[in-house]
Amino acid sequence: MTTRAAHRSLVAAALSAAVAFGLTTAAATATPTPSAGRPGATAPVDGAPGIGDPYWPLDGNGGIDVSAYRISHRYAFATQRLSGRTTVELTATQDLASFSLDFLLRVSKVTVDGAAAEFTRTDGGHELRITPARPLAAGSEHRVTVTYDDRPARHAYAGERNWLASRREVVTMNEPHMAPWWFPANDHPLDKAIVDVKVRVPHGREVVSNGRLRGREVGKRSTQWHWRADEPMVPYLAFFAAGDFTIEKGRHRGLPWLVAVSERLSERDQAASMRLMRRTPHVVAGLEEDLGPYPFSVVGGITTGLGPGFALENQTRPTYPAVGGSYTSLVVHELAHQWFGDDIAVHHWSDIWLNEGFATFMEWRWAETHGGRSGASTLRGYYGDVGPDSEFWKVSIGDPGAARIFDSAVYGRGAMTLQALRNRVGDEVFWRIIRTWIREQRGGNGSSAEFEEVAARVSGQDLGSFFTAWLRTPTRPAATAGNGLA
């Protein structure tokens, strides 16, 4: 994600989340049964209302691991009303009497494996608590279908009102939260899942989402667009946009690409935005030279006419605001996120510098390899231009706090940390660290502690004081060789 004004999690991650809430787990068996039915076992429990992230304790949920979301919607532009249903395919990671999904819209019906389930609202309306007709056994797989009809703009969570729409266009883009405004989710980066999206809109309107367009079903007055991504994703990275869009597509070095630009923009902005969107496959090819193969099966981008004031790294298809000129660095940033933030998601939101610092550093690297300043020069410029008493240095980017996860220091100091590491260990070792990190964390989640371990292991150096100075000390690092600044 750029600075703004305002594969599914591993089983171990699900288990550790449950432990964080003091819950126990039971191993799956060939024919799972709730532990209450086994001699001497405890009764099924109510799954925790959060996955264990201290920044947003209600994000995610305990006791479940989602494998897929199958979303089917109808959207009315005039009323900004969203109606439909989502089927959540999940596995119980413990014996459950009930469980939660993160969802804000008004629900009319819930079924679990086709049988009606009770449901209630808890924790200010953010938690949809579901009680199935029969408890769920640890290790068992289930299909939970939630039916709803509401105006998403009515709802807020964590101080956010994230529904972005007009009478002609809508786009679901925001971070760290977006899913609960349009589909029920286990809304935390620790639980990745396949996302399949169907949206029905009036004839003549387009719908764009993640992944590939699987088909269009044309009715008397409306068309259903069907999109599905091949690779699991974090819930906030799922999106759809609907409205009047110009769409272009092609293939570059075997990689399919599809881009779209809102026709609500001026002709000048449409032309500039489409020129920028067309650079997408070329930027991916450039990033691959440093980072290795692009992690997904398709790529693209979309420019909205709604003026969000920021860009977002939706998986396979980032969303951008209108641009009046050439902003290749913006595309570099969001496409770098496909590796850092999308393929490798954060473990907790406190690890956000691994997303934003890496994407910003790749902007520096792009400039370095395309006729601009070197990364080392950019680091020196930052360090010299930002005075020692600046608020910039008072943010501990290794744990910035929920209110500051998008602070400019997370971006700038994060990129500085990487260039300083590059200075300290040398160029060849640095890129070996980055490639090792990508290879070892592929498709999963990563924490600062894990990255620090990889850097120390690959470099053969004790980097503890280096990372303490850059990530965890709210002062400007001393200009020493140990800090990569001499």
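These exercises walk through the fold, the surface and some salt bridges of a predicted model.

**Exercise 1. Take stock of the chain: how many helices and strands does it have, and what is its radius of gyration?**

Step 1. Count the elements. There are ten helices and 22 strands.

Step 2. Check the compactness. The radius of gyration is 23 Å, close to the 23 Å from the globule rule for 486 residues, so the chain is as compact as a globular protein of that length.

Step 3. Add the extents. The C-alpha trace spans about 65 × 60 × 40 Å along its principal axes.

**Exercise 2. Describe burial, surface and charge: what percentage of the residues is buried?**

Step 1. Of the 486 residues, 60% are buried.

Step 2. Turn to the surface. The chain exposes about 18300 Å². Carbon and sulfur atoms supply 50% of that area.

Step 3. Look at the charges. The chain carries 52 positive and 52 negative charges. Their mean positions lie 7 Å apart.

**Exercise 3. Find which parts of the chain the salt bridge between Glu 248 and Arg 278 links.**

Step 1. Check the distance. A salt bridge needs nitrogen and oxygen within 4 Å. In this pair the closest N and O atoms are 2.9 Å apart.

Step 2. Place the partners. Glu 248 sits in strand β17 (residues 245–252), and Arg 278 in helix α2 (residues 267–278). They are 30 residues apart.

Step 3. Judge exposure. Partly exposed lies between the 20% and 50% cut-offs. Glu 248, at 25% relative accessibility, is partly exposed. Arg 278, at 37%, is partly exposed too.

**Exercise 4. Asp 343 pairs with Arg 442. Is Asp 343 buried or exposed?**

Step 1. Confirm the contact. The N to O distance in this salt bridge is 3.7 Å.

Step 2. Locate both ends. Asp 343 is in the loop between α4 (328–336) and β21 (345–346), and Arg 442 is in the loop between α8 (427–441) and β22 (445–446), so the bridge ties together parts 99 residues apart in sequence.

Step 3. Compare the areas with the cut-offs. Asp 343 is buried, at 5%. Arg 442 is partly exposed, at 40%.

**Exercise 5. Which helices does the salt bridge between Arg 472 and Glu 452 tie together?**

Step 1. The side chains meet at 2.9 Å, N to O.

Step 2. Arg 472 lies in helix α10 (residues 464–472) and Glu 452 in helix α9 (residues 448–459), so parts 20 residues apart in sequence are tied together.

Step 3. Arg 472 is partly exposed at 40%, whereas Glu 452 is buried at 15%.

Notes. Residues numbered from 1 in each chain as written. Predicted model: local features only at pLDDT ≥ 70, side-chain atom pairs only at ≥ 80, totals over all residues. Heavy atoms only, no water. Helix = DSSP H or I, 4+ residues; strand = E, 2+ residues; numbered from the N terminus. Rg over C-alpha atoms; globule rule 2.2 N^0.38 Å. Buried < 20%, exposed > 50% of the residue type's maximum accessible area, 1.4 Å probe, protein only. Areas by Shrake-Rupley, 256 points an atom, 1.4 Å probe, with all protein chains shown as cover. Lys, Arg positive; Asp, Glu negative; His and termini not counted. Charge placed at Lys NZ, Arg CZ, Asp CG, Glu CD.
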